[in-house]
Amino acid sequence: MEVTLKIFRYNPEVDQKFHYETYTIEADETERILDLLEYVKGYHDGTLSFRRSCAHGVCGSDAMRINGKNMLACKALVRDVGDTITVEPLLGLKVEKDLIVDMEPFFDNYKKVLPYFINDSPLPEDGRERLQSPEERARFDDTTKCILCAACTTSCPSYWGSDQYLGPAALVAAHRFIFDSRDEAAAERMHIVSETDGLARCHTIYNCTMACPRDIQITKAIGELKMASITGKLD
Amino acid sequence: MANVHQFEVVVVGAGGAGLMAGLYASRGAKTAVISKLYPTRSHTGAAQGGISAALGNYEEDKPEWHTYDTVKGSDYLGDQDAIEFMTNEAIDAVLELEHMGLPFDRTPQGKISQRPFGGHTNNETGKPVRRACHAADRTGHMILQTLYQQCLKNKVTFFDEFQVLDFIIVNGKTAGVVAVELATGELHTFHAKAVVFATGGHGRIFEVTSNAYAYTGDGAAVLLRRGLPLEDMEFFQFHPTGIYKLGILITEGVRGEGGILINGAGERFMPKYAPSVKDLASRDVVSRAIYTEIREGRGVNGKNYVYLDVRPEAVNKYAAMDGRTNPDGSPYTITGEQVLAKLPDIIDFCRVYLGVDPITQMMPIQPTAHYTMGGIPTNKYGEVVIDGNNTAFPGLYAAGECACVSVHGANRLGTNSLLDLVVFGKHAGLKAAEYANQSDYTNLPGGTEAAARSQFDTLKNGSGKENAFTISTEMKKVMFEDVGIYRSGSVMESALDKIMELKERFKEIHVTDTGKIFNTELLNAWELGNMLDVSELVTVCALNRTESRGGHSREDYPQRDDDNWLKHTLAWKDNGKIKVDYKPVVITKYQPKARVY
């Protein structure tokens with residue numbers, strides 16, 4: 001089938017402002033949008049720039065706006081988005097070139113929530129694993145799936161309003177550790193996410209949940225953090 | 001030289017091995033980790049099924065069995081001292097990951113959960129043993145995230161989105177690396193006492209692959225250009241179960257949970273090829289079985305694929321026929337909910353890319369290029385060794401998929417890659433820091449960036465008569481079809497001619513992007529140059545080895561030949577020609593014998 005790709009283009013070394021280029025190519029309905037971008041880069045315009053690596057939705061490199069929705073280009077198929085496809089960079093992060101945005105503010109927010117396991121108690125005497133029941137493990141399973149692609153955070157109107165807001169992805173990272181029965185820094189993290197630029201800026205818009213390519217129930221996770229913040233209890 | 005940095009240890013690559021090396025090196029020396037991707041984009045994150053260690057959390061297991069299974073899996077080409085070292089370290093390595101917070105799945109007692117995998121056996125009964133420690137079907141993702149998180153906690157210095165282009169040698173010693181910063185196009189020199197390469201594999205030289213776009217053999221190609229040898233490059237693993245046409249990995253854990261392979265005639269065929277462990281035989285064995293079924297006309301609808309079936313009714317039927325039991329002795333059964341809970345990503349991939357629901361439908365699969373067994377030769381401490389006498393190159397280390405210790409020999413066992421990168425990443429980092437503490441910086445000569453700049457200039461100044469994308473497509477096709485699962489002399493001779501033709505045509509490409517900011521066209525072209533160099537070397541080594549062993553199957557030499565070929569290949573680039581030599585395999589306890597599953 002014939003597909004029309006309208007792609008956001010901006011090269012700061014040449015362009016005063018962004019513009020769109022349109023490419024008409026042959027594509028199969030099972031092809032990924034990433035395959036189409038590769039084809040355009042290979043045969044129409046080598047300067048087209050975008051990030052990609054795993055090409056099957058687990059590395060988080062190629063989040064972008066496809067027909068207005070945040071998706072991974074490697075997980076969006078032609079049959080899902082139709083034959084007229086507009087591809088644009090994520091909103092809320094500075095465009096560096098074409099579909100590449102500056103990820104540093106996103107990772108800076110992630111780093112604010114102490115996104116690492118903290119447990120300073122002695123290890124079990126036999127040197128073996130810290131025990132955790134299957135139920136305790138299931139408590140935070142959903143938020144371990146995050147690949148830091150930024151599709152959620154850059155779909156959030158609160159984040160568009162202020163990049164000081166931690167954003168959904170950082171809150172997901174906080175959730176992953178706060179609800180891990182082995183971790184000991186929940187109180188410290190709850191303090192961080194309960195500050196002005198944390199939970200209070202989530203207005204339950206659900207954009208993040210709809211944008212997540214890993215199907216994480218992000219609004220639910222943030223809701224659990226809000227509940228913990230209000231009650232002072234984790235369960 | 002504006003952009004010169006000085007670090008005692010520089011780690012190149014930020015997947016599992018690079019992060020582990022960075023974590024350990026940074027405890028003893030000033031360390032930087034340089035990566036062409038953001039660390040969490042690394043291909044370790046795509047690993048699915050598990051990491052092996054004889055924890056024995058469900059049933060009896062021991063490191064000795066893990067050692068023997070790995071030796072057998074390697075078709076006796078693995079170095080047994082290194083394998084023993086790795087399997088003995090395995091238990092502590094997995095426990096260390098748990099102590100770092102890695103969210104493994106749990107047994108009812110709260111211990112790390114384990115599942116069966118191909119080639120993992122109880123050596124006394126020959127039955128499959130639960131050795132693969134797992135976190136759903138995203139174990140690699142959890143390892144990558146956990147190690148990156150621990151690096152943040154320990155304030156490891158990162159240079160994200162810096163592509164390393166060259167390795168600097170001064171007076172026969174390591175002096176650093178040259179890299180380009182993707183965001184600015186600026187070249188940077190990293191002056192170092194020790195360098196650890198952890199740059200991953202080169203599966204992207206093949207058309208159908210489970211590997212990321214990033215897997216272009218950069219580390220191997222950079223060192224090859226600097227006169228260092230590569231080891232056992234003829235050995236590449238084709239994973240039996242990739243999604244048809246796309247190559248996306250479907251973990252062996254599917255078969256660990258009871259999935260079976262079904263041909264176009266509706267028959268379960270693995271018992272013909274591996275009567276004892278059947279669908280859980282070693283990967284090379286299963287991939288060849290699938291290919292044989294297809295070639296003999298038993299693919300599905302006459303096409304190049306077969307089915308992987310994990311529908312609960314099929315799993316339960318065959319588990320009953322095989323007499324498979326739970327750890328408590330009760331018959332093994334599984335429900336649709338359990339399949340979804342244990343293999344959520346696999347279900348998702350099939351639904352998204354195939355429109356197939358594995359709970360109710362069979363998955364169309366074909367073998368997919370998966371893992372680089374060969375690579376930069378090292379000893380078991382991650383020190384790069386450069387000749388048949390295992391002479392170490394001062395200050396140079398390698399770990400993970402880019403390295404060849406060799407613990408995988410001619411065929412890697414599933415889950416040993418994650419173990420490899422944790423164990424050898426750690427030791428390479430420790431050794432690099434130890435070396436750095438005992439040595440001084442070399443004097444850095446001028447013009448360190450000249451070679452890298454000249455490579456870029458060549459790509460920018462070509463005639464443009466050729467298209468890089470076309471060359472890449474042709475390379476992948478010829479490598480997959482002619483230097484793939486089954487190989488033969490005459491076919492590979494013509495494949496080598498084709499690769500040499502592509503290398504000539506590559507000189508005529510022209511990078512149209514003249515900018516500096518994220519010039520991904522230039523970087524992709526440079527990576528293609530690496531892949532062409534690696535493809536040539538793989539093909540030459542595969543032609544040279546006139547036997548069949550593990551992942552290297554010669555139709556013109558179908559038998560393993562221990563009298564002539566129980567040895568590792570070393571290959572160098574010497575004045576444009578490839579020179580081949582050998583070194584012995586280390587055999588300690590296990591004398592080679594016929595390999596039957």
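Between chain B and chain A, about 5300 Å² of area is buried, and carbon and sulfur atoms give 50% of that. Buried area here is the accessible area (1.4 Å probe) that two parts lose on being put together, summed over both. Three residues stand out on the B side: Arg41(B), Tyr213(B) and Tyr353(B) supply 15% of the area that chain B buries against chain A, more than any other three residues. Before we go on, keep in mind that this is a predicted model, where local features need pLDDT of at least 70 and side-chain atom pairs count only at pLDDT 80 or more, while totals for chains, interfaces and linings use all residues. Residues are numbered from 1 along each chain as its sequence is written, chains are lettered from A and ligands numbered from 1 in the order in which they are written, and side-chain values use heavy atoms, with hydrogens and water left out.

How many residues take part in the contact from each chain? Chain B brings 62 residues and chain A brings 65, with contact meaning heavy atoms within 4.5 Å. On the side of chain B that touches chain A, you can sort the residues into 27 nonpolar, 21 polar and 14 charged. For that sorting, Ala, Val, Leu, Ile, Met, Phe, Trp, Tyr, Cys and Pro count as nonpolar, Asp, Glu, Lys and Arg as charged, and the others, Gly among them, as polar.

Now for the links across the interface. The rule finds 40 residue pairs in polar contact between chain B and chain A, both residues at pLDDT 80 or more. A polar contact is a pair of N or O atoms within 3.5 Å; within protein, one must be able to donate a hydrogen and the other to accept it, and residues adjacent in sequence count only if both atoms are side-chain atoms. Several helices of chain B each give at least two residues to the side that touches chain A, among them H3 (80–99) and H14 (468–482). Helix H4(B) gives the largest share, eight residues. Helices (H or I, at least four residues) and strands (E, at least two) are DSSP runs, numbered from the N terminus.

There are also seven salt bridges between chain B and chain A, out of 68 over all chains in the whole structure. A salt bridge is a side-chain nitrogen of Lys or Arg within 4 Å of a carboxyl oxygen of Asp or Glu. One to look up is Asp513(B) with Lys97(A), at 2.7 Å from N to O. Another joins Lys75(A) and Asp348(B) at 2.5 Å. That pair runs from the loop between strand S4 (69–72) and helix H2 (78–81) of chain A to helix H11 of chain B.

Next, the empty spaces. Rolling a probe the size of a water molecule over the atoms shows where empty space is left. On a 1 Å grid over the protein atoms alone, a cavity is a set of points where a 1.4 Å probe fits but cannot get out, and a pocket is an open set with protein on both sides within 12 Å along at least five of seven lines; lining residues have an atom within 4 Å of a point. Grid points are joined across faces, edges and corners, and a volume is the space filled by probe spheres set on the points.

The whole structure holds nine cavities of 30 Å³ or more, and the second largest has a volume of about 290 Å³. Its lining has 21 residues, and Arg52(A), Lys36(B), Leu37(B), Leu182(B) and Thr520(B) lie nearest its centre. H16(B) gives the largest share of this lining, four residues. The lining splits into nine nonpolar, four polar and eight charged residues.

The second largest pocket contains about 680 Å³ of space. Of its 26 lining residues, Tyr58(B), Arg106(B), Ser113(B), His134(B) and Lys342(B) are closest to its centre. Ten of the lining residues are nonpolar, seven polar and nine charged.

Finally, a couple of backbone oddities. Most residues other than glycine have a negative phi, and most peptide bonds are trans. Asn390(B), though not a glycine, has a positive phi of about 60°, and the bond from Val405(B) to Ser406(B) is cis, with omega near 5°.
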